[in-house]
Amino acid sequence: MKAVFLDRGTFLEGLALPKPQGIDEYQTFDETPQDDQLIIERCQGAQIIFTNKVKISAEVIAALPDLKLIQLTATGMNNVDADACKKQGIELYNVAGYAVKSVPEHTFMLMLAALRSGVHYHNKVIDGSWEASGNFSLMDVPLIDLEDTTLGIIGVGTIGKRVTEIAKAFGMTVLWAEHQGQAPRNDEYTDFDTVLETSDVISLHCPLTEKTAHLINADTLAKMSKKPLVVNVARGGIVDSKAMVEALEQGQVLGYATDVFEQEPTTQEDPLWQLGQKNHPRLIFSPHNAWASKAAQQKLWDILTKQVSEFITTHKHSVSS
C-alpha cells in the first residue's frame with residue numbers, strides 16, 4: 001500500500017514524522033510545484049496522498065484510479081476539490097485541534113508586538129538611534145498596555161475561547177461578536193457592529209467563507225470608532241488588504257498585526273507589503289506560521305497517523321484491492 005507526501009517541507013526540518021502503520025511504500029517530496037501533470041506523475045499508484053498546501057484538482061483526482069484517501073496536513077480543506085472526491089468515492093480528511101495552544105499564543109505575540117511597537121524599538125536599538133539620542137530610554141512611539149482594554153473576538157471556536165482565557169488573565173474585557181447582521185444568540189455574545197465600535201483590539205479567528213470574505217472592509221473599518229488594533233490569525237481573505245492600508249494611512253485603525261495574507265506567500269504587489277516597507281510602527285507580519293509551534297506540528301502528525309492507520313484498518317480490503 002502506497003502513500004505520497006507532496007510537501008514534507010511544510011514541516012520543521014528534523015521533526016520526526018513516522019509513516020502511519022499499514023503503509024508499505026512511502027515517498028516524500030519536500031515540495032511539489034502546482035502543476036497537475038507533475039502531481040499526477042508523482043502520485044501514480046498511490047492509495048493515499050498527504051498534502052498541506054499543494055492543491056488537488058478534479059483533473060488530478062480523475063487521473064488517479066488507485067486513490068482512496070487524501071489526507072490534508074492542515075485544518076482548511078479548500079485546497080482539494082471535495083466534490084470530485086465525493087464523486088470518485090475518495091475520502092478527504094483534515095486535522096483539527098492541533099494548534100489550540102500555538103495559535104492563541106501567537107495571537108498575543110502579534111498583539112503585544114504591535115501595541116508595544118516591538119519591531120520598531122528593536123530596530124532603534126540595532127540601527128544606533130537609541131545611542132544617538134543620548135537618553136537612557138527611547139519612547140518615540142507610545143507603549144500601550146493590554147490591561148483595562150476591550151478585546152473583540154470574531155470567531156468563537158476553540159481557539160477564540162482560549163484567546164478569551166488569556167485575555168482575561170491580562171485584565172482585558174472580552175466581547176464575543178455575533179455573526180454580522182444577526183441578533184446575539186445569548187448573553188455571551190454581542191452585536192457585531194457594537195463589537196466593532198467598542199473594541200480597543202479586534203482579533204479574527206473565523207473561517208474564510210463566502211460570508212466572511214472581506215468581512216473587514218472599508219465599511220466595517222469605518223465603524224471602528226475607537227481606532228483599534230486589528231489582529232488576523234484566521235485567513236488573509238477575511239481582510240480587504242487595500243482597505244486596511246487606507247485605514248492605517250488615514251489613522252482609522254491603530255495598527256494591523258497579521259499572520260495571513262490574501263496571496264501566500266505574499267508578493268511585492270500586496271499593498272500591505274508595500275506599506276511594510278515604510279516601517280509603520282504598529283504593522284507586524286509573520287509568514288503564516290501561527291499554527292506551527294514544534295509541539296503543535298508533532299501533535300498534528302500524531303493525530304494524522306492515528307486516523308490514517310484507522311482508515312487503513314477499516315478499509316483494508318478496498319485499499320489493497
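Trainee: By class, what makes up the lining of the second largest pocket?

Mentor: In this predicted model, the lining of that pocket has eight nonpolar, six polar and three charged residues. The space in the second largest pocket comes to about 340 Å³, and of the 17 residues that line it, those closest to its centre are E178, H179, Q180, C206 and T212.

Trainee: How much space lies in the largest pocket?

Mentor: The largest pocket holds about 1,600 Å³. Of the 43 residues that line it, K53, A234, R235, E264 and H288 are the closest to its centre, and by class the lining has 20 nonpolar, 17 polar and six charged residues.

Trainee: What kind of peptide bond joins E264 and P265, and how do you know?

Mentor: The bond between E264 and P265 is a cis peptide bond, with omega at about 0°. P265 itself is placed in the loop between β11 (255-258) and α11 (271-276).

Trainee: What makes up the open sheet, and in which order do its strands run?

Mentor: The open sheet has seven strands in the order β8-β7-β6-β9-β10-β11-β12, and their pairing is parallel. Its edges are β8 (189-190) and β12 (283-285); each has a single partner strand, so one side of each is left without a neighbour in the sheet.

Trainee: How do you know that strand β6 and strand β7 pair?

Mentor: Two strands are said to pair if at least two bridges are found between them. Strand β6 (residues 150-154) and strand β7 (residues 173-177) are joined in the parallel sense over four bridges, so the requirement of at least two is met. Within this pairing, T150 stands opposite T173 in β7.

Trainee: What makes β7 count as largely enclosed?

Mentor: The reason lies in its residues: four of the five in β7 are buried, so the strand is largely enclosed by the rest of the structure.

Trainee: How do you know whether the span of helix α7 is close to what is expected?

Mentor: The expected span is 1.5 Å times one less than the number of residues in the helix. Helix α7 (residues 158-169) has twelve residues, for which 16 Å is expected, and it reaches 17 Å from its first C-alpha to its last, so the two values are close. The helix is followed by G171, whose phi is positive, near 90°.

Trainee: Which residues of α7 are buried?

Mentor: In α7 the buried residues are G160, V163, T164, I166 and A167, and what covers them includes α4, β6 and β7.

Trainee: Why is S102 called buried or exposed?

Mentor: S102 has a relative accessible area of 10%; buried means under 20%, so S102 is called buried. It lies in helix α4 (residues 102-115), and, leaving aside residues up to four places away in sequence, S102 touches A290, W291, A292, S293 and A296.

Trainee: Why is L110 called buried or exposed?

Mentor: The relative accessible area of L110 is 0%, so L110 is buried by the cut-off of under 20%. L110 is also placed in helix α4, and, not counting residues up to four places away in sequence, it touches V231, V233, A257, T258, D259, I284 and S286. By contrast, L110 and S129 are 19 residues apart in sequence and 24 Å apart in space, C-alpha to C-alpha.

Trainee: Why is H214 called buried, partly exposed or exposed?

Mentor: Buried means under 20% and exposed means over 50%, with partly exposed in between; the relative accessible area of H214 is 30%, so H214 is partly exposed. H214 lies in the loop between β9 (201-204) and α9 (218-222).

Trainee: What can be said of phi in H214?

Mentor: Phi of H214 is near 50°, which is a positive value in a residue other than glycine. Phi of K227 is likewise positive, near 50°, and K227 too is a residue other than glycine; its place is in the loop between α9 and β10 (229-232).

Trainee: How many helices and strands are there in the protein chain?

Mentor: The protein chain has 13 helices and twelve strands, and its C-alpha trace spans about 70 × 50 × 35 Å along its principal axes. Of its 321 residues, 47% count as buried, and among contacts between residues at least 6 apart in sequence, 63% join residues at least 24 apart.

Notes
Residues are numbered from 1 along each chain as its sequence is written. This is a predicted model: local features need pLDDT of at least 70, side-chain atom pairs count only at pLDDT 80 or more; totals for chains, interfaces and linings use all residues. Side-chain values use heavy atoms; hydrogens and water are left out. Helices (H or I, at least four residues) and strands (E, at least two) are DSSP runs, numbered from the N terminus. On a 1 Å grid over the protein atoms alone, a cavity is a set of points where a 1.4 Å probe fits but cannot get out, and a pocket is an open set with protein on both sides within 12 Å along at least five of seven lines; lining residues have an atom within 4 Å of a point. Grid points are joined across faces, edges and corners, and a volume is the space filled by probe spheres set on the points. Ala, Val, Leu, Ile, Met, Phe, Trp, Tyr, Cys and Pro count as nonpolar, Asp, Glu, Lys and Arg as charged, and the others, Gly among them, as polar. Buried means under 20% relative accessible area, exposed over 50%, partly exposed in between (1.4 Å probe, protein chains only). Contact means heavy atoms within 4.5 Å.
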